[in-house]
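Good morning. Please have the sequence and the structure open while I talk.

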Amino acid sequence: VLFGCSHLTNAGLASLSARLPKGLRALTLYFPQTQVTTLGIAYLTMALPAGLESLNLHVSECKVTDATFALLVSGLPPSLLSLSLYAWSCQAVGDDSLALLAAQLPVGLRKLVLDFAGTGVTDLGLAVLGSCLPSGLQEFEMQ
């Protein structure tokens, strides 16, 4: 847990991402209130192992935007069974993030947990997400 590590930057995330094992099945990264931006998420997205089954990412109170989520969801492995994204208090995140996520949800996804409290998400974003939930989804939580 890297809570409050305000000096963590894109360079640190790039270094970690470059060393992720190719056989990794589950990944949890918790770094709220850091200096990680869209660039850092891009490094991570490019390094996600093809067989990853569980991704739990906390970027709350970071400098992420709808563009950040566009990068992230474009790199979600199709093997993903569980996805948890926490972006509370990310002011530059809104309905576009949910729409992008909805369009890229892996068809085999079984669990989806989202925390977008304190962002720009509205009823429109929820409606778009709801229309695209995979039919096999067994667990869904959103705040």
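I will go through some strands first, then a helix, then a pair of helices. Keep in mind that this is a predicted model.

Start with strand β1, residues 26-30. In a regular strand the side chains alternate between the two faces of the sheet. β1 shows this: Leu-27 and Leu-29 point to one face and are buried. Ala-26, Thr-28 and Tyr-30 point to the other face and are not buried.

Now the neighbour. How do β1 and β2 pair, in the parallel or the antiparallel sense? They pair in the parallel sense, over five bridges. If you want one pair to look at, take Leu-27, whose bridge partner in β2 is Leu-55.

β2 also pairs with strand β3, residues 82-86, again in the parallel sense and over five bridges. Here Leu-57 stands opposite Leu-85 of β3.

Next, the connections. β1, α2 and β2 make a right-handed β-α-β unit. β2, α3 and β3 make a right-handed β-α-β unit as well.

Let us stay with helix α2, residues 38-47. Which of its residues are buried? They are Gly-40, Ile-41, Ala-42, Leu-44, Thr-45 and Ala-47. An α-helix has 3.6 residues a turn, so residues three or four places apart point the same way. You can look for that spacing on the screen. The cover over the buried residues of α2 includes helices α1 (10-18) and α3 (66-74), together with strands β1 and β2 (54-58).

One residue of α2 is worth a stop, and that is Thr-45. Its relative accessible area is 10%. Buried means under 20%, so Thr-45 counts as buried. Leaving aside residues up to four places away in sequence, Thr-45 touches Leu-71, Leu-72 and Gly-75.

Last, the pair of helices. Two packed helices are described by the angle between their axes and the distance between the axes. For α4 (residues 95-104) and α5 (residues 123-131), the axes come within 8 Å and cross at roughly 0°. Angles under 35 degrees count as roughly parallel, and α4 and α5 are therefore roughly parallel to each other. On the α4 side the contact is made by Asp-95, Leu-98, Ala-99 and Ala-102. On the α5 side it is made by Leu-124, Gly-125, Leu-126, Val-128 and Leu-129. By class, that contact has seven nonpolar residues, one polar and one charged.

That is the end of my part.

Key:
Residues numbered from 1 in each chain as written. Predicted model: local features only at pLDDT ≥ 70, side-chain atom pairs only at ≥ 80, totals over all residues. Heavy atoms only, no water. Axes fitted to C-alpha atoms, helices over the stretch in contact; angles between N-to-C directions. Helix = DSSP H or I, 4+ residues; strand = E, 2+ residues; numbered from the N terminus. Parallel < 35°, antiparallel > 145°, perpendicular 65-115°, else oblique. Contact = heavy atoms within 4.5 Å. Nonpolar A, V, L, I, M, F, W, Y, C, P; charged D, E, K, R; others polar. Buried < 20%, exposed > 50% of the residue type's maximum accessible area, 1.4 Å probe, protein only. Pairing = 2+ DSSP bridges. Right-handed = clockwise from strand over helix to strand, strands pointing away.
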